[in-house]
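Here is a quick walk through one protein model. Have the sequence and the 3D view open as you read.

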Amino acid sequence: MRAVHAALGLVARQLDAASNPLRRSVASRSSADKAKMSFSRGAARRVSIRASLSPETAENVVMQISGVIKFGAPMYNKGDARGCARLYRQTALSIARDASVTSEEIRTCLRDAVAKADEIARKAAEEDPMGGEEDQRTQERVAWALRRGLDRVVDLIMDPPVDEPTVYRPSVDDNDDTAVGDDDAPAEDEAATPRTPTVDAESAALFDFAKTPDLAGRWRSLNDGVMGGVSDGRMRSAISGTHAVFEGTVRLENNGGFSSVRASFGSGIDLSQFQGFYMDVRPGDEASAGKEYLLIVKDDECMTTQVNFKAKFGTGKKGGWERVKVPFAAFDRPERMGRAVMRGALRTEAVCEVGLMVLKGEG
């Protein structure tokens, strides 16, 4: 997997389609509308599950599960699968026995997860009476059986839209002669300078790698090693010094499957005057052409709750430099460890971190 990024910046909130070099944001705005409509339809579908729960109970259940996963996952990753499983089991039974949880579907889901976990342990004990139930692999399977039940409950309550999420791809204006998308694009490290974004009152570059190659060093790697995986990835400056390269390998061993890089803005920067992000991108090799990636954004609240916002984008297939625009409206589903959580919208006035990620099957 290799995706090349020349620059990452901001698209202004108000655009003049006749004169602004970022006038292609009209297409991005249309995509954002689609994302909003999908979210609204998803909210409508939630009625059947949430109608049987009070808003306070629904939020409490999600927070209980999110909290126990926050503590249980690190225990599992450190080798204490038994302790992790014990926490998950206690939480599952606590929620299932809670009189305020009036959804029989939720109760059944949790009871089934506990029953499955108990069955795994029972069979292991029968196969190895001398300690099969306590075996590390057995406890890992038990923990995962319980975790899937907890995750399913969050999905039942949040019920994210079944619609495929919007994937933001390069848009080419018919009158823009600077957009590059030809089949004769130079190799990754050839000294060809990418199209430099125009920085004016309507836009601002957060990372202009062509102007300041050292900015690639501000991006730190965050791969699936935090979950026991063995994938790798990094951001580096190209040999030519004209752009940065996000590269690595996504591996599936040990329940892994993602590679990412992150850049911090400390206590946060105010981006509320802008409409969204833009990225000048091209695939770094033939295998990466047309691949999908995630743009990750965190605000100040995310930094203390392990929550993030993600939006999908894709590179072009021809190999040339193209601009992708992702509106802030696309970051409409806060999540923790891939699961939806309840909280407010992205606080664009306090953005603390941005990142790029590629998942298994997409890189």
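## The six-stranded sheet

Start with an open sheet of six strands, ordered β2-β10-β9-β14-β7-β4 and mixed in its pairing. At its edges sit β2 (167–168) and β4 (219–221), each of which pairs on one side only. Bear in mind throughout that this is a predicted model.

Inside that order, β9 (residues 292–299) and β10 (residues 309–314) pair in the antiparallel sense, with six bridges between them. If you want one rung to look at, take Val297, whose bridge partner in β10 is Phe309. As a reminder, strands of a sheet pair through backbone hydrogen bonds, either parallel or antiparallel.

## The β8–β11 pair

Next, have a look at β8 (residues 274–283) and β11 (residues 322–327), which run antiparallel and are joined by six bridges. Two spots help to fix the register: Met279 has Val324 of β11 as its bridge partner, and Tyr278 stands opposite Lys325 in β11.

How much of β8 is buried? Ten of its ten residues are, so β8 is largely enclosed by the rest of the structure. The story for β11 reads much like that: six of its six residues are buried, so the rest of the structure largely encloses this strand too. Both faces of β11 are covered, with Glu322, Val324 and Val326 buried on one side and Arg323, Lys325 and Pro327 buried on the other.

## Helices α3 to α6

Now over to the helices. With 17 residues, α4 (81–97) reaches 24 Å from its first C-alpha to its last, close to the 24 Å expected at 1.5 Å a residue. Its buried residues are Ala81, Gly83, Cys84, Ala85, Tyr88, Thr91, Ala92, Leu93, Ile95 and Ala96. Which helices do these pack against? They pack against α3, α5 and α6.

Take α3 (residues 55–77) to begin with: its axis and that of α4 are 8 Å apart, at an angle of about 170°. That makes α3 roughly antiparallel to α4. On the α3 side, the residues that meet α4 include Val61, Ile65, Val68, Ile69, Phe71 and Tyr76, while the α4 side includes Cys84, Leu87, Tyr88, Thr91 and Ile95.

The α4–α6 pair is set up another way. The axes of α4 and α6 (136–158) come within 8 Å and cross at roughly 30°, and these helices are therefore roughly parallel to each other. The crossing is left-handed. Among the α4 residues in this interface are Ala81, Cys84, Ala85, Tyr88 and Ala92; among those that they meet in α6 are Gln139, Val142, Ala143, Leu146 and Leu150.

Finally there is α5 (residues 104–127), with 24 residues that should span 34 Å at 1.5 Å a residue; the end C-alpha atoms are 34 Å apart, which agrees. Its buried residues are Ile106, Arg107, Cys109, Leu110, Ala113, Val114, Ala117, Ile120, Ala121 and Ala124. What covers them includes α4 and α6.

## Two buried loop residues

Back to the strands, and to the loop between β13 (339–340) and β14 (351–359), where you will find Thr348. Thr348 is buried, with a relative accessible area of 13%. Leaving aside neighbours within four places in sequence, Thr348 is in contact with Ile269, Asp270, Leu271, Ser272 and Phe328.

Leu346 also has its place in the loop between β13 and β14, and counts as buried at 11% relative accessibility. Which residues does Leu346 contact, leaving aside neighbours within four places in sequence? They are Val297, Asp299, Phe309 and Phe331. Val297 and Phe309 are familiar as bridge partners. Leu346 and Val297 are 49 residues apart in sequence, with 8.3 Å between their C-alpha atoms.

## A positive phi

One last stop is Gln306, in the loop between α7 (300–305) and β10. Most residues other than glycine have a negative phi. Gln306 is not glycine, but has a positive phi, near 60°. Buried or partly exposed? At 44% relative accessibility, Gln306 counts as partly exposed.

Terms used:
Residues are numbered from 1 along each chain as its sequence is written. This is a predicted model: local features need pLDDT of at least 70, side-chain atom pairs count only at pLDDT 80 or more; totals for chains, interfaces and linings use all residues. Side-chain values use heavy atoms; hydrogens and water are left out. Two strands pair if DSSP finds at least two bridges between them. Helices (H or I, at least four residues) and strands (E, at least two) are DSSP runs, numbered from the N terminus. Buried means under 20% relative accessible area, exposed over 50%, partly exposed in between (1.4 Å probe, protein chains only). The expected span of a helix is 1.5 Å times one less than its number of residues. Contact means heavy atoms within 4.5 Å. Axes are lines fitted to C-alpha atoms, for helices over the stretch in contact, and angles run from 0 to 180 degrees between N-to-C directions. Angles under 35 degrees count as roughly parallel, over 145 as roughly antiparallel, 65 to 115 as roughly perpendicular and the rest as oblique. A crossing is left-handed if the near helix is turned anticlockwise from the far one by less than a right angle, and right-handed if clockwise.
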